[in-house]
Amino acid sequence: MILKIFFRAAAVGVAVSICASVLGVTMVLRRMSMIGDGLAHAGFGALAVATLLDATGDYKMEISIPIVMAASLLLMYISERGVGGDAAIAVVSTGMMTLGVLIFSFTTGYTADMCSSLFGSASILTVTNGELVLSLVLAAVVIIIFMLFYHKIFAVTFDESFAAATGIHTALYKVILSLLISVTVVVGMNLIGSVMISALIVFPALTAMKVSKSFGHVIAFATVMSVLCFVVGFVVSAELSLPVGASVVAVDIIVYAATAALTAVKNSRELHRARDLNESHS
């Protein structure tokens, strides 16, 4: 029974890690990583609303998804109507966080609910069979949609103006990316936490960019690293009874720091080698 519960939570985490890493590469390259962070904070408010509307907790994910999607569309609308991107993110994220705190404050046991919503569950027992099925289905939908529109997303990511000039409906694909991020945030909130989920979007992408250069290779490497970091962090959290989200993010940070340090050393050696070569020829 314990093994079944363990693998049920692990399956959700792996699915979230794959979705977050794949979308994270695009978000980081487009300098939209803060949007993912803003939606993660919006997810906290959405989960509070879902808790208020669904006392049994059976349909929190189904209620949260449309709310976070609406927040992502509102964020895009505000940012494209004269308000700066950072300001738009601040408006949406702080507004939803405030709403979440107020709602949890008026419900019983709100302290435990707030901690779980923000930083993820400290127990793997919280993932139910229904959440497992829904999470895997939603993760599959996210990956399938991303792969179907891979080439259009690639074009919009690297040169939005050129993509628009070639007839690609860039606004549509920006909306698709925002909605996919919204789904990923909601799927990962219960296990990872609304604050921690943004790290799963950013760190694997940054790590992969230190190692690979092509778009496809970066996505592949980010996916592998994200899954490996989750598995290690998940096992550590289970062994030491630590929160899953914090454990996974800690591993992601360590891997990124190590990769950045090794890359810096490698670049420094190559620079010195090039200087020595130039001096020997001069």
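**Figure 1. The nonpolar cores of the predicted model.** In this predicted model, the largest nonpolar core has 67 residues, and Val185, Ile192 and Leu200 are those that touch the most other members. A second core, separate from the largest one, consists of five residues, including Phe44, Ala48, Val49 and Ile103.

**Figure 2. The protein chain as a whole.** The protein chain contains 12 helices and zero strands, and its elements, followed from the N terminus, read α-α-α-α-α-α-α-α-α-α-α-α. Of its 282 residues, 46% count as buried. Among the contacts in the protein chain with a separation of 6 or more, 76% are made by residues that lie 24 or more positions apart.

**Figure 3. Helix H10 and its surroundings.** Helix H10 spans residues 197-211, and because 11 of its 15 residues are buried, this helix is largely enclosed by the rest of the structure. The buried residues of H10 are Ile197, Ser198, Ala199, Leu200, Ile201, Val202, Phe203, Pro204, Ala205, Thr207 and Ala208. One of them, Leu200, also appears in Figure 1, as a residue that, together with Val185 and Ile192, touches the most other members of the largest nonpolar core.

**Figure 4. The buried residues of helix H7.** In helix H7, which covers residues 150-158, Ile153, Val156 and Thr157 are buried. These three residues cover an arc of only 105° around the axis, and they therefore lie on the same side of H7.

**Figure 5. Aromatic residues around Phe146.** The structure holds six aromatic pairs. In the pair formed by Phe146 and Tyr150, the arrangement is edge-to-face, with 6.2 Å centre to centre and 75° between the planes. Phe146 has a relative accessible area of 1%, and because buried means under 20%, Phe146 is counted as buried. Phe146 and Tyr150 belong, with Phe154 and Phe215, to one aromatic cluster.

**Figure 6. Ser182 in helix H9.** Ser182 is part of helix H9, which runs over residues 170-192, and with a relative accessible area of 0% this serine is buried. Its side chain makes a polar contact, at 3.3 Å, with the side chain of Ser72. When the neighbours within four places in sequence are left aside, the residues in contact with Ser182 are Leu39, Val68, Met69 and Ser72, so that Ser72 appears both in this list and as the partner in the polar contact, while Ser182 itself is buried.

**Figure 7. Ser237 in helix H11.** Ser237 is located in helix H11, made up of residues 215-240, and its relative accessible area of 3% places this residue among those counted as buried. Apart from neighbours within four places in sequence, Ser237 is in contact with Leu242, Pro243, Val244 and Ser247.

**Figure 8. Two buried cysteines, Cys19 and Cys229.** Cys19 is buried, with a relative accessible area of 3%, and Cys229 likewise counts as buried, at 3% relative accessibility. A search that covers the whole structure finds zero disulfides, and the views of Cys19 and Cys229 should be read with that result in mind.

Terms used. Residues are numbered from 1 along each chain as its sequence is written. This is a predicted model: local features need pLDDT of at least 70, side-chain atom pairs count only at pLDDT 80 or more; totals for chains, interfaces and linings use all residues. Side-chain values use heavy atoms; hydrogens and water are left out. Helices (H or I, at least four residues) and strands (E, at least two) are DSSP runs, numbered from the N terminus. Buried means under 20% relative accessible area, exposed over 50%, partly exposed in between (1.4 Å probe, protein chains only). A polar contact is a pair of N or O atoms within 3.5 Å; within protein, one must be able to donate a hydrogen and the other to accept it, and residues adjacent in sequence count only if both atoms are side-chain atoms. Contact means heavy atoms within 4.5 Å. Rings of Phe, Tyr and Trp (its six-membered ring) pair if their centres lie within 6.5 Å; planes under 30 degrees apart count as stacked, over 60 as edge-to-face and the rest as tilted. A disulfide is a pair of cysteine sulfur atoms within 2.5 Å. The arc is that of the directions from the helix axis to the C-beta atoms. A nonpolar core is a set of buried Ala, Val, Leu, Ile, Met, Phe, Trp, Tyr and Cys residues joined through side-chain atoms within 4.5 Å.
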